Amino acid sequence: MGGAAVDDGAPAVKAPDGGWGWAVLAGCFVITGFSYAFPKAISVFFKELMKEFDVGYSDITWISSILLAMLYGTGPLCSVMVNRFGCRPVMMVGGLFASLGMILASFATNIIHIYLCAGVITGLGLALNFQPSLIMLNRYFSEKRPLANGLAAAGSPVALCCLSPLGQILLAHYGWRGGFLILGGMLLNCCACGALMRPLSPPEKPQEEESAPLAADEPPVKRKLLDFSVFKDRGFLIYTVAASVMVLGLFVPPVFVVNYAKGLGNEDTKSALLLTVLGFVDMFARPASGLLAGTKWMRPRSVYLFSFAMLFNGCADLIGSQAKDYTGLVVFCVFFGMSYGMVGALQFEVLMTIVGTEKFSSAIGLVLLMEAVAVLVGPPGAGRLLDATKQNMHVFLLAGCEVTLSAFIIALGNYFCISRKQEDPEAKMEMAVTAAEREGLNGGAAGGEEDDEDEEPKGKANGKVCAPNGGEDVATEKEDSETSL
């Protein structure tokens, strides 16, 4: 990539928690909106595409399925690209791909062209934007990261509320071909968002360290393009299993709630209003959940807050399956929107907490790959259940059981399988003293060679180790403990 700055996410770079990070957050907000809302918003054009290419509904829905499959399934590829070239170049190239796919789709002559252009190419472009934006958000925020994740996740319902009416307007005035062309132009904004992802600069080293010849002689450590060591982390394994089970049922209710309302005898317009209610509640639930997760008491317990959100969502599905009228479905959409927003705001925040900044770029790619299978299996499996039973109630019951099961997996797995034993304070003190003594001895040996004989070696004073940051106090405590013994 020539002279491109590669943001390798060195751990020495402290997250600024503000400043340019707010520009990064704005870009992540837009990218998240396009990535999650676009596969749903494009369904506005499905009826016209069915007439144009003389295909059925099952054929046309593959467009959204391919988009989601590319968004999730290309996770490892995105991780490799980010670790090799950095977030900014990958996002800008992804924006070009996303735009190019929709522009080429506007000239399609059969449904296969739509699959390849709007599905594969645009889906790949959105994937190359979505994952790097989350990685950059993780690097720019630490203390305020839960709030930042919640605000960024709010881009999904906001974009859905904007793109769906816009798609209807474009379809009415310009047809599906003109609408695709204009949407392709809009997706070029992903390139602008990618330009905002400025790599963090490492802190300037003192002149003494720069002049040291040792660092120049050591070869640079090569970074893994895809770090599979995350699978050794039990917390990551539990999260991956729980998230995959959750995705089986998480996206099912928004797909089938409109048909549920129609089955109860409601009009099409009135039934579609349920999605607006769900999206409106979701819009405010995400930043509120991020704010809650960032509190001092809740931050260390974010995994359990996430499991509560999943349990809340699953219970909403189970109770909503018993709705007998339109009012019951409205109440269901309110509670589902709250729980859905909580899950959306917390899912990547919890993953960041589990694996840390260094391994997050690889971890998110592998998690999305696992979830891709569930995304492709969940809604079609629910559709087959509906065809077999002819009752929406069973679809909601299945989705509720799957999400509830995932809540128990992550909560019980975290409680019983992840040991977080606090180390003994005395052992910690002895380890600190040992490190301080070693540092003092090394400093004393170096000082003895360079300084005069009259000057005391660095790191020793009256038999005590003078380590930085209160090392002398640690040594005093050690002497006191030895005296007591």
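Is Cys-315 buried, partly exposed or exposed? Keep that in mind as you look through these close-up views of a predicted model.

**View 1. Cys-315 sits in helix 16.** Welcome to the opening stop, a cysteine within the helix that covers residues 302–320. Cys-315 has a relative accessibility of 33%, so it counts as partly exposed. Now look for a second cysteine, Cys-401, which is 86 residues from Cys-315 along the chain. In space, the C-alpha atoms of Cys-315 and Cys-401 are separated by 8.3 Å.

**View 2. Five residues make a nonpolar surface patch.** Find Tyr-304, Phe-408, Leu-412, Tyr-415 and Phe-416, which together form a patch of about 590 Å². Which helix gives the most to the nonpolar patch? That is helix 18, residues 392–417, with four residues. Leu-412 is a good one to pick out, and its place is in helix 18. With a relative accessible area of 44%, Leu-412 is partly exposed.

**View 3. Helix 13 packs with helix 17.** Two packed helices can be described by the angle between their axes and the distance between the axes. Here, helix 13 is made of residues 234–250 and helix 17 of residues 326–389. The angle is about 155 degrees, and the axes are 8 Å apart. Angles over 145 degrees count as roughly antiparallel, and helix 13 and helix 17 are therefore roughly antiparallel to each other. Their crossing is left-handed.

**View 4. Arg-177 and Glu-52 form a salt bridge.** The count of salt bridges comes to four, and this view shows the one between Arg-177 and Glu-52. The closest N and O atoms of Arg-177 and Glu-52 are 3.5 Å apart. Arg-177 belongs to helix 9 (residues 155–186) and Glu-52 to helix 2 (residues 46–53), so the pair ties together parts that are 125 residues apart in sequence. Are these partners buried or exposed? Arg-177 is partly exposed, with a relative accessible area of 31%. Glu-52 is also partly exposed, at 43% relative accessibility.

**View 5. Asp-282 meets Arg-286 within helix 15.** Here the side chains of Asp-282 and Arg-286 join in a salt bridge, at 2.7 Å from N to O. How many residues apart are Asp-282 and Arg-286 in helix 15? They are four residues apart, about one turn of the helix, which covers residues 268–293. Buried means under 20% relative accessible area, so Asp-282, at 4% relative accessibility, counts as buried. Arg-286 counts as buried too, at 5% relative accessibility.

**View 6. Glu-349 and Arg-299 meet in a salt bridge.** The N to O distance between the side chains of Glu-349 and Arg-299 is 3.9 Å. This pair links distant parts of the chain, with Glu-349 in helix 17 and Arg-299 in the loop between helix 15 and helix 16, 50 residues apart. Glu-349 is buried, with a relative accessible area of 1%, whereas Arg-299 counts as partly exposed at 22% relative accessibility. Before you leave this view, look for Arg-145 as well: Arg-145, Arg-299 and Glu-349 are linked in a network of salt bridges.

Notes. Residues numbered from 1 in each chain as written. Predicted model: local features only at pLDDT ≥ 70, side-chain atom pairs only at ≥ 80, totals over all residues. Heavy atoms only, no water. Patch = residues over 30% accessible without salt bridge, like charges linked within 9 Å, V, L, I, M, F, W, Y side chains within 5 Å. Areas by Shrake-Rupley, 256 points an atom, 1.4 Å probe, with all protein chains shown as cover. Helix = DSSP H or I, 4+ residues; strand = E, 2+ residues; numbered from the N terminus. Buried < 20%, exposed > 50% of the residue type's maximum accessible area, 1.4 Å probe, protein only. Axes fitted to C-alpha atoms, helices over the stretch in contact; angles between N-to-C directions. Parallel < 35°, antiparallel > 145°, perpendicular 65-115°, else oblique. Left-handed = near helix turned anticlockwise from the far one by under 90°.
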